[in-house]
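User: I should like to learn how the terms used for a protein model are justified. Please take me through the reasoning step by step.

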Amino acid sequence: MKTLRTLTVVAALAMLTEPANAGFIMTINQTGSGLSFSGNGSINTTTFTLFTPNASSGALLDVQPNTAFVAVNIASNLDEYNMADSGPASFGPGSVTKIGPTSSVAGIFIFQQVLPAVGAMDLPAGYVSGTPLPAVSATWAGATYADLGITPGNYTWTWPTTGLTTDSFELVIVPTTATPEPSSLVLLGTAAAGAGFGGWIRRRRAYSAAA
């Protein structure tokens, strides 16, 4: 019995000292008035590569489902990262970038799966790895999943961090009850993902120029 109690205490201490597994969850929900975006959490950036620190950017609300691109950003400077990750190449067949209204945007979070094993992420300039990010929220009035080519479902991208932990970004697209879109519409072509890399660079330059 004493040995069992000792093992229990040791296990509890190990859980307390093990690095916490961070993560960020963004939810997109279609309502009668349009699309609502909300997100919160933290990101472990210890294995990321910072390629543009303190980049200027204008306010934006933007999605391009077939390259797994989603951007919610109040006008603010960003740190731009690349990282090795694993996850879906798309969250729907939509292929044309459509930028929504920016008046209701709050917070900063931008992600794209630019290649099958390479992602890109923008976070607030000076962000400290693992700390809570400002809550993200936005409303795209009048927009629907069909308008933007979005397929409802849960999409998760993961990447290694220091030690044995992994981190993740989860995109939760809440199904509509009336006309759910078939999951078979999700396109997972690497050609589209490769093309997304160029789109990412163009978008970043456009946002910087507009700032």
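User: Which residue of β10 does F37 stand opposite?

Analyst: In this predicted model, F37 stands opposite A138 in β10. The strands concerned are β2 and β10 (residues 136-141), which run antiparallel and share six bridges.

User: What makes β2 and β10 a pair?

Analyst: Two strands pair if at least two bridges are found between them. β2 and β10 have six bridges, so they meet the condition for a pair. The criterion also covers β1 (residues 23-31) and β2 (residues 34-42), which are joined in the antiparallel sense by nine bridges. Within that pairing, I25 stands opposite N40, and a hairpin of two residues leads from β1 to β2.

User: In what order do the strands of the open sheet stand?

Analyst: The order of its seven strands is β3-β6-β9-β8-β5-β4-β7, and the pairing is antiparallel.

User: Why are β3 and β7 said to stand at the edges?

Analyst: Each of them has a single partner strand, so one side of β3 and one side of β7 (98-99) have no neighbour in the sheet.

User: How many bridges join β6 to β9, and how many join β3 to β6?

Analyst: Seven bridges connect β6 with β9 (residues 118-124), and four connect β3 (residues 49-55) with β6. Both pairings are antiparallel. As examples, T52 has E80 of β6 as its bridge partner, while L78 stands opposite P124 in β9. Elsewhere in the sheet, β4 (residues 60-64) and β5 (residues 69-73) share five bridges, with Q64 opposite F69.

User: Why is strand β6 described as largely enclosed?

Analyst: Strand β6 (residues 78-84) has seven residues and five of them are buried, so the rest of the structure largely encloses this strand.

User: Why does D79 count as buried?

Analyst: Buried means a relative accessible area under 20%. D79, which lies in strand β6, has a relative accessibility of 8%, so D79 counts as buried.

User: Which backbone nitrogens lie 2.8 Å from a polar atom of the side chain of D79?

Analyst: One is the backbone nitrogen of N54, and another is that of G126. Beyond its neighbours within four places in sequence, D79 is in contact with residues including L50, T52, M121, D122 and Y127.

User: Is N54 buried, exposed or partly exposed, and what makes it so?

Analyst: The class between 20% and 50% is called partly exposed. N54 has a relative accessibility of 48%, so it counts as partly exposed. N54 is placed in strand β3, and its phi is positive, about 55°, although N54 is not a glycine.

User: Where does A68 lie, and what is its phi?

Analyst: A68 lies in the loop between β4 and β5. Its phi is near 50°, a positive value in a residue other than glycine. The relative accessible area of A68 is 0%, so A68 is buried.

User: How many aromatic pairs does the structure hold?

Analyst: The structure holds nine aromatic pairs. In one of them, the ring centres of F111 and W157 lie 5.0 Å apart and the ring planes meet at 50°.

User: Why is the pair of F111 and W157 called tilted?

Analyst: Ring centres must lie within 6.5 Å to pair; planes under 30 degrees apart are stacked and those over 60 are edge-to-face. An angle of 50° falls into neither class, so the pair is tilted. F111 is in strand β8 (residues 108-115) and W157 in strand β11 (residues 153-160), so this pair ties together parts 46 residues apart in sequence. F111 and W157 are both buried, and ring pairs link F24, F109, F111, W157 and F169 into a cluster.

User: What is the average pLDDT, and over which residues is the pLDDT below 50?

Analyst: The average is 81, and 73% of the residues score at least 70. Over residues 1-20 the pLDDT is below 50, and this stretch has two contacts beyond near neighbours in sequence. Residues 179-195 are also below 50, with 28 such contacts in the model. Where pLDDT is low, the predicted coordinates should not be read in detail.

Key:
Residues numbered from 1 in each chain as written. Predicted model: local features only at pLDDT ≥ 70, side-chain atom pairs only at ≥ 80, totals over all residues. Heavy atoms only, no water. Phe/Tyr/Trp six-rings, centres within 6.5 Å; stacked < 30°, edge-to-face > 60°. Buried < 20%, exposed > 50% of the residue type's maximum accessible area, 1.4 Å probe, protein only. Polar contact = N/O pair within 3.5 Å; in protein donor to acceptor, adjacent residues only side chain to side chain. Contact = heavy atoms within 4.5 Å. pLDDT = per-residue confidence, 0-100.
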